[in-house]
Structures are given as C-alpha cells and as structure tokens.
Amino acid sequence: MSQVLRIGNASGFYGDRFTAWQEMLDGGALDVLTGDYLAELTMLILGRDRMRDSDLGYARTFLRQLEGTLGTAQERGVRIVTNAGGLNPAGLAAAIRSLAERLGLDVRVGYVEGDSLPRPDALTANAYLGAFGIAAAFDADADVVVTGRVTDASLVVGPAIARFGWGRDDLDALAGATVAGHLLECGAQVTGGNFSFFTELPDGGHRPGFPVAELHDDGSSVITKHPGTGGAVTVETVTAQLLYEVGGPAYLGPDVITHLDTVRLAPDGPDRVRVSGVRGTPPPETLKVGVNNLGGFRNSMTFVLCGLDIPAKAALVRRQLEETVGKEGLEFVLARTDHPDTADTETASALLHVHLRDGDKARAGRAFSAAAVELALASYPGCTLTTPPGDATPYGVFTADTVAQDAVAHVAVLPDDTRVPIPPPSLRRSAEPAVGPSVSTGSPSSYPTRRGTLGDVVGARSGDKGGDANLGVWARNDATWAWLRGWLTVERLAELLPETSPLTVERHELPNLRAVNFVIRGLLGPGVAATTRFDPQAKALGELLRSRVVDVPAGLILEATS
C-alpha cells in the first residue's frame, strides 16, 4: 500500500463547476475524491426543499454529476466521500444505490448520520460531526460515503484515518489532516481562484484546476493539482485559503483543536506546497450546532437618482414610502455611485436601495413594491427604478449553538446496513482554549513612505461565518510583514473600513504565514440569508481593504513591483 494518500476535491459549494468530477477523475491519479456542498445558506435551502417534499433535503446536483462519473471512479479505484447528503444522507445513499443499479454497477454505499438534532422550534438544527464515522464506512470497504453536516475538513480527515490507522490520540496527525481538509474544501480557491494577485497566475486566473492533497502518515501533506490544469499552487495561494473563514489561531473541531499558528508552508516544486509542523490538542467537550429558522419575508426596490440634489431626492423617497407602508422594517441604503459633471446618465447616477423585512408576506410583497412603483410620476425629477414590482420572498436566520459531544448519536451506516455507533473522543478539553485577540507587537518602519494602495504590498481574503466576517491579510515578504504587523491595528482597520468601527473586532497574528486575521463580529447582521448588505457574504471585504490608498514604505512598493 502506498504511503501517500492522494485526495482530490471536485466541489467547494452547491453550484460549483459541474464538470469538475469528470475533470478530476480524468486528470490524474487519485485514491479518494471529495465533494463539499454544504454551507450555512445551503442548509436553509435544503430545509425549504424538504418542507416541500420530505424525500428531498440533499444536493440533487451531485446525483447528476455522479451519473456520468460513477463508473469511471469504480473502474479506476477512486473512492468518493461527500456531504451532499445534507439533511437526508440516507435518502441520497438510497438514490446512489438506485443509480448504480440502473447503470449496472456493483457499488458499496455507506452513510453517516446523527447530526440532525430535534429542535421543534427550528427549520434545521445540525451538529458539525467529526471524521471517525467516515473512517468506519471506509474501513467497511465503502466505495461511496455520504454524510450530512460534518465539518468540511472531515471529508479529508476521515479517509486519512482509515488509511493510516490513526486513533483519537493522534492529535498532531489529525490536526495536519484538518489543515489539508480546510485547504481543499473550497475547491479552486487554493489553486488560484479568487486570488488577490490573479494577474500573476500563468493563465491569469482563467480556469483554475481543482486541488489534490498528498497526505502522509504523520499528517503532513503536499497541496498540488493535476498536470496541465489552470491556476497555480504556490505558498501564497495556499496562504490565502488557509486564512479563509477562520478565527483565532486555535481552530476548534470535533476531533482536534488545530493550532494554525504552527502551520509551516514551503515550496516543494512547481505547483506543489508542503504543509507541515501542525500541532493539535484535545477537542472541546461540545460540538458546534448550526440552526436555521425562517425569519420572515423580504423585498427590495432600487431607485436611480441622477444629477443634482442626490441626498434631497433620497430623503423625499424615504418620506413618501414611510408614509405609504410605514417605517417598521424599512431600510434605505444610498450608494453614491454618481460622479459630478459627467456626460452620461449612468455615471451621473446614485442608487437608492430600499429593503423591507416583515413577518407579514402581504406587506413585504406587492403592497411594498407597488408603492415604490407608484412614485414614478409623483416623486423626484428623473425618477426611475431598476426593479419591477414583485412579491416577497422568505428569508432565513442562522444562529450557532453548541451541544455536548456525548449527547449526539453519531452513527456510521455500513454498506451492509450495519449501524456502528461512533463514540465521542475520550480526550476532551473541559473548556475552550483562551483565544484572546492579539495586540500588535511590531513597529511601523521609519523609512520614507509614498502613497499607494495597500494591495500593492499585501494580499487578502475574506468571508462569512453566520453574522460575523473574517478578514485575513498576508504580507508577501519578511520586510512587509515587519511593517504590517505593527501598522495594521484594529484602530487602523476602523479608519480604513469605517463600517467596522462600531463593532467588536478581534485581531490575531499568524507569524508563520506572515499574516494577521480579523474577526468582525456582527458585520453581516442576522447572517447571509437575511442581511441586506451589498456584499452579503463579505467576500469582497478584503479587496475593499486592499484598494485603500495609504502611506506605504516606499521600499516595499519597489520590492513588490520589481
């Protein structure tokens, strides 16, 4: 048996590149192929599917992808593991068996359940399970393993446990595999997708390939991709993904606490980055629980305000709509996209976005949108809208909770339908580790500065976690890191991104990565499904920060551009 376990990823979210499964199977050697379909918003979507049809609740796209690739995977000895089971892993497992029978294939299918928790007051409530259920199904020679809500990294950690025989106390190995899983979980994001310096990639970021992790028995790995695919795997593309949607250096998981400040990255050849040195400690006594509820109904209309008196025009619309539909639940956001003294309408115009959230579908629906349209001939000069009248749509609210590890019935259902209970870890930390925000320990350089964009010298990646956002910023070299860690404080961030000023912001340094990570509490309000923020998942927050013009040490700009 090879001492290297080759795990690829073919999906980073529900809606990712449809052909990726075929591309990964055809592109090179693999032992395991994973697919990640679940996000906080996805669980809400699947919950609404299940409300319409109790047989649904899983990612149906995966079945269509599997129809053309299941035979190829079996022929090449590639085993599959996916969380596409969503809220109904047993239902997806049954559908895969039916598909295999129709295709004339003998496929052994196992699945993992127990994440769904009885919460009568919730649309969905699911604990984030660990990797040992997946490992049990692999140990029973499953060709395909389907899960519900496990941690994203578990899709990689489970096969590694089965291959290398790790136990609960192999904490460093589990932590190393968790890092590999985190790097793979978002698909092409680690191979150059959404990369700050995409113009430097060999193909300009045109079509990045999907990633592969070569795992070793000590938990170390090499991140790479199939030969001839687009994008690139570099220390910086890996750093960017490592900073995505994380908090403090202690990365909590159901099987291990992974200490991100111990991760070491090093080049290992073209499109190869070695990940090593990762340390792990016992996991907490609790599991994270994602809870989705229907929050009510929402609707939006957008007015175009052109030319002069923009604030006064917006104020008039506000008074008119508040008088017609009432103030409760209304939100007005004026985007000053207008430029003075310009020769075309679009660049002379601002946008007034009007949102309404309400528990009453009728009020949030046509009553609101029709009231907006009725202002077309009775409001400000040049009144026009970009949106037609429409009905309200339901929205969900995500909250995070916890549950004791030993209160969850984690079960692996083997291909022969044997049910194997997965006990919780015996080594558990009685309390979550202290992960207080760091204080800047560096000092800004004193040599001459020049005006430039922050993005001239740093990269960034940002994302969402419920109502919070994370913003990771990394330096491209040691000299920039020496400046950045002293310069980019919480106070400085508030100056550059004023919307963070009234919020609680945690700052964490990751010196091995030459990076600082900010966790911005409450930036997204009630979460992705309910927020009316222009960038609802904070995906562009990092690029907004990089676009700010600041005083950067002149030598750093010269070094970055040389």
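Valine 222 stands opposite arginine 274 in strand E12, and this pair offers a way into a predicted model, in which local features need pLDDT of at least 70, side-chain atom pairs count only at pLDDT 80 or more, and totals for chains, interfaces and linings use all residues. Residues are numbered from 1 along each chain as its sequence is written, and side-chain values use heavy atoms, with hydrogens and water left out.

Valine 222 belongs to strand E8, residues 221–225; strands (E, at least two residues) and helices (H or I, at least four) are DSSP runs, numbered from the N terminus. On one side, E8 runs antiparallel to E12 (residues 273–276) and is joined to that strand by 3 bridges, where two strands count as paired if DSSP finds at least two bridges between them. E8 is also antiparallel to strand E7 (residues 211–215), with 5 bridges joining the two, and alanine 213 has isoleucine 223 as its bridge partner in E8. E7 and E8 form a hairpin with 5 residues between them, and glycine 219 in the turn has a positive phi of about 90 degrees.

Strand E8 is mostly covered, with 5 of its 5 residues buried, buried meaning under 20% relative accessible area with a 1.4 Å probe and protein chains only. Ser221, Ile223 and Lys225 point one way from the strand while Val222 and Thr224 point the other way, and all are buried.

These strands belong to an open sheet of 11 strands with mixed pairing, in the order E11-E12-E8-E7-E1-E2-E3-E6-E4-E19-E20. Its edges are strand E11 (264–267) and strand E20 (419–421), each of which pairs on one side only. Further along the sheet, strand E2 (residues 32–35) and strand E3 (residues 79–82) pair in the parallel sense over 4 bridges, with threonine 34 opposite valine 81 in E3. Helix H8 lies across E1, E7, E8 and E12, running at about 170 degrees to E7, where axes are lines fitted to C-alpha atoms, for helices over the stretch in contact, and angles run from 0 to 180 degrees between N-to-C directions. Helix H7 (residues 154–164) lies across E1, E2, E3 and E7, at about 165 degrees to E1.

Isoleucine 223 also leads into the interior: leaving aside residues up to four places away in sequence, its contacts (heavy atoms within 4.5 Å) include Leu183, Leu184, Val212, Ala213, Val273 and Val275. Among the 70 residues of the largest nonpolar core, Leu215 and Ile223 touch the most other members; such a core is a set of buried Ala, Val, Leu, Ile, Met, Phe, Trp, Tyr and Cys residues joined through side-chain atoms within 4.5 Å. Helix H8 (residues 171–184) gives the largest share of this core, 9 residues. Domain 1 (5–188 + 211–217 + 405–421) and domain 3 (451–551) both give residues to this core, so it lies between them, the domain bounds coming from an automatic or database domain assignment.

The division into domains also includes domain 2 (301–389), and the C-alpha centres of domain 1 and domain 2 lie 45 Å apart. Overall, the protein has 16 helices and 26 strands. Its radius of gyration, 25 Å, is close to the 24 Å that the globule rule gives for 562 residues, so the protein is as compact as a globular protein of that length; the radius is taken over C-alpha atoms, and the rule is 2.2 Å times the number of residues to the power 0.38.

Terms used. Buried < 20%, exposed > 50% of the residue type's maximum accessible area, 1.4 Å probe, protein only.
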